[in-house]
Amino acid sequence: MSNEGRMRATVNQKLTEMGERERLKELLRAKLTECGWKDQMKAHCKEVIKDKGLEHVTVEDLVAEITPIGRALVPDSVKKELFHRIKAFLAQHA
Amino acid sequence: MKSDETIQETFSLSPKKKKYPKLNVLSVMSPAGCSHVNGYKVDNWKQNLRVIYQCFVWSGTAETRRRKAKSCICHMCGAHLNRLHSCLYCVFFGCFTKKHIHEHAKNKRHNLAIDLLYGGIYCFVCQDYVYDKDMEQIAKEEQRKAWKLQAFETRPSRLYSLESTGIGEKYTTWEPTKRELELLRHNPKRRKITTNCTIGLRGLINLGNTCFMNCIVQALTHTPLLRDFFLSDRHKCEMQSNSCLVCEMSQLFQEFYSGHRSPHIPFRLLHLVWTHARHLAGYEQQDAHEFLIAALDVLHRHCKGDTIHDNGKKANNPNHCNCIIDQIFTGGLQSDVTCQVCHGVSTTIDPFWDISLDLPGSSTPFWPLSPGGDGSTVNGESHLSGSTTLTDCLRRFTRPEHLGSSAKIKCGGCHSYQESTKQLTMKKLPIVACFHLKRFEHSAKLRRKITTYVSFPLELDMTPFMASSKESRMNGQYQQTVDVLNNDNKYSLFAVVNHQGTLESGHYTSFIRQHKDQWFKCDDAIITKASIKDVLDSEGYLLFYHKQFLEYE
C-alpha cells in the first residue's frame with residue numbers, strides 16, 4: 001500500500017473509532033437532501049430503471065450509471081463543509 | 001442546480017420512450033429472497049447475522065467501533081474503501097469493486113456476502129442484491145439499536161425528543177402499513193396534478209351575508225403550509241365533543257381538494273364559528289378582518305393536541321405555543337419607547353397575527369412620513385400616479401412617533417414622567433404576513449369607508465421595516481445596500497380580500513393564487529379566472545403575503 005493509502009487508512013480508522021464517520025455520514029446525508037441532490041439522483045435512477053427494464057436491472061447497473069453523475073453533482077459548498085469538519089476533527093484528535 | 005434536462009444533455013442520455021407494462025412489484029421481489037438465502041437460514045443464523053451487523057456494519061458502541069476500524073479492511077489488498085463486503089459464511093472481508101469478494105465466493109463456494117456500508121445482502125449466484133424479509137427485519141432492528149446507542153453516547157445528559165432536528169430518530173423511508181396497502185388497493189383512482197389543474201378551487205355558498213367568512217376560508221385553504229398540514233392529517237384531536245374547529249378545518253380541506261366542482265355549503269363551519277365566537281353570530285354582515293382574527297384565535301386554542309415540546313410535554317403556555325397557527329401566522333412586533341431626556345430605550349416585543357395599517361383620508365393625518373428607510377425603491381413601486389403604496393403605509397407604521405406632552409411615560413432611567421417617542425418595527429416576521437388596510441372608520445363622529453386606492457406589489461421585501469434594519473440606520477448606515485443574497489424577508493402575494501360597497505351594505509370577494517402565476521376570483525359560489533392586473537388594480541382590504549424562502553430551524 002502506498003503512503004497515501006496508509007494515511008487514508010489511518011484517518012479512516014480514527015474517524016471510525018470515534019464514531020465521527022457515522023456523524024459525518026449523517027451530516028452529508030442531510031446536506032445532500034436539503035440541496036435537492038438526493039431527489040436528482042432518485043430521478044436519475046428511475047431513468048436507468050426505465051432504460052434497462054424493471055425485471056433486468058441490477059444494483060450494479062445503477063451503481064455504474066449514477067456514481068459518476070452523483071460525484072459530479074455534489075455542490076462545492078457541501079464538499080467544503082465536510083472537508084472543514086474532517087480537518088477540524090483531525091486537528092483535535094490526531 | 002441543474003435541471004433534469006441539462007443532466008441528460010451533459011451526459012448524453014436518451015430516455016427510451018417505450019412504455020413498460022405495469023408490474024406488480026411485490027411479485028417480482030419475493031419477500032422470501034432467493035433460494036440461496038434459504039440455504040443460509042439454518043441453526044443459529046439469526047444470532048450470527050445480528051453479530052455481523054453489530055460488529056461490522058452498524059457499530060453502536062466504542063468497543064465495536066474500535067474493532068471495526070481495525071479489522072474491516074480487505075483481506076487481499078488491505079483497502080477499507082471500494083465497497084467492502086463481508087462473507088456471511090466465514091470471516092473474510094473483500095473489496096467489491098476490485099472483485100476480491102467475488103474471488104472468495106467462487107473459491108470457497110460461499111454464495112452470500114453483506115455490504116458493510118449499507119447492510120445489503122448480495123447473492124453471487126443471482127448476481128444481485130437480494131431482499132429477504134427476515135433479514136431485512138434484523139437489519140432494521142440492528143440499525144435502530146446502533147443509532148440509539150450513538151445518539152445517547154454523544155450527549156448522554158440530554159434527552160432527545162422525536163421532534164428535534166438534531167441526532168434524534170433516524171430517518172427511514174416510509175413503509176406502508178397493511179391497512180394503508182389495503183386502502184390503496186380499494187381506492188385505485190389516482191389524481192394527477194398538472195400545472196393547469198384546478199384542484200383546491202371550490203365555490204362556497206353564501207348562507208346569508210356570510211361572504212365575509214367565505215373570503216377568509218378561500219385565503220386559508222390556499223395557504224400552502226396550512227394546506228400541507230391538514231392534507232397530511234397532522235391534527236390529533238383532543239377535544240371530547242364535536243365542536244373542534246380544527247377538525248372542521250381539516251374536513252374543509254378534504255372538501256376543497258376532493259375534486260368536487262360543485263360549491264360547498266359551509267354550514268357546519270358557520271355553526272362552529274357562532275359557537276366559539278359569539279360576537280360574530282347572527283346574519284348581519286360582519287368584518288372579514290375580525291373573522292380572520294377570531295378564526296385564528298379559535299384554531300390556535302383548539303390546536304392544543306398538536307403541540308409537543310421537549311420531554312413530550314404538551315405546551316399549554318399561550319405565549320410559547322408551537323401550534324401550526326403560531327408557526328405560520330405569528331410574528332413579533334417590537335415597540336421601542338425612547339425617553340427624550342435621557343435617551344434610554346424601553347423595548348417590548350408583542351406577538352401579532354396581522355398588521356393594521358392606517359390610510360390617507362382617515363381622520364388621523366397620514367403624511368408627511370419621516371425621512372430615512374426608503375422602502376419604495378426596494379419594492380419597485382412608483383409614485384408617478386400619485387397613489388399611496390403599501391410600502392408608504394408600512395413606512396408610516398414604523399415611523400418614530402412623538403407621544404406628546406399629554407402622554408408622558410414613566411422613564412426608568414430618569415425615574416420620572418418624560419416625553420418620549422415610540423417606534424414600531426418587525427422583530428420576527430411570520431411565514432404568512434397579513435396586512436389589514438383600515439378602510440372602515442368607526443370614530444365617535446362618523447362611520448365611513450375609506451376608498452383611497454393603495455397600490456400593493458406582487459413581491460414585497462420587508463427588510464426596511466425590520467428591527468435589525470432600524471438598528472443599522474441608527475448606527476449611521478443610512479443608505480442600506482440591499483443584500484441580494486439575503487432572502488429572509490422576501491414575500492409573495494397569494495390572496496387578496498376585497499370589499500365592495502358601503503359600510504351599511506357591502507360585499508366581500510377574494511382573489512387567490514393557484515400554482516405560480518394563476519389567479520382566480522372567488523365570489524361566493526362563483527370562481528372565475530382572473531389576471532394579475534385584476535388583482536393588483538383591486539382596492540385591497542386584506543393582503544396575504546407568503547415568505548418566499550423557508551428555512552429549517
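Let's start with how chain B is wired together: among its contacts with a separation of 6 or more, 65% join residues 24 or more positions apart. Keep in mind that this is a predicted model. The secondary structure of chain B adds up to 18 helices and 23 strands.

Now for what sits inside and what faces out. Chain B has 553 residues, and 44% of them are buried. Its exposed surface comes to about 31100 Å², with carbon and sulfur atoms supplying 53% of that area.

Head inside next. The largest nonpolar core holds 59 residues, and the ones that touch the most other members are B:Ile216, B:Leu226, B:Ile325, B:Phe329, B:Tyr508 and B:Phe544. Pick B:Tyr508 out of that group and look around. Leaving aside residues up to four places away in sequence, B:Tyr508 touches, among others, B:Cys211, B:Phe212 and B:Cys215, then B:Gln285, B:Gln286, B:Asp287 and B:Ala288. Its contacts also include B:Phe440, B:Val497, B:Asn498, B:His499 and B:Tyr541. Apart from the largest core lies another one, made of 32 residues, including B:Leu359, B:Phe366, B:Leu394 and B:Leu493.

Finally, hop over to B:Asp128, which is found in strand E5, covering residues 128-130 of chain B. Is B:Asp128 buried or exposed? B:Asp128 counts as buried, because its relative accessibility is 16% and the cut-off for buried is under 20%. As for what B:Asp128 touches, not counting residues up to four places away in sequence, you'll find A:Val57, A:Thr58 and A:Val59 from chain A, along with B:Ile121, B:Tyr122 and B:Cys123 from chain B.

Note on methods:
Residues numbered from 1 in each chain as written. Chains lettered and ligands numbered in written order. Predicted model: local features only at pLDDT ≥ 70, side-chain atom pairs only at ≥ 80, totals over all residues. Heavy atoms only, no water. Helix = DSSP H or I, 4+ residues; strand = E, 2+ residues; numbered from the N terminus. Buried < 20%, exposed > 50% of the residue type's maximum accessible area, 1.4 Å probe, protein only. Contact = heavy atoms within 4.5 Å. Areas by Shrake-Rupley, 256 points an atom, 1.4 Å probe, with all protein chains shown as cover. Core = buried A, V, L, I, M, F, W, Y, C linked by side-chain atoms within 4.5 Å.
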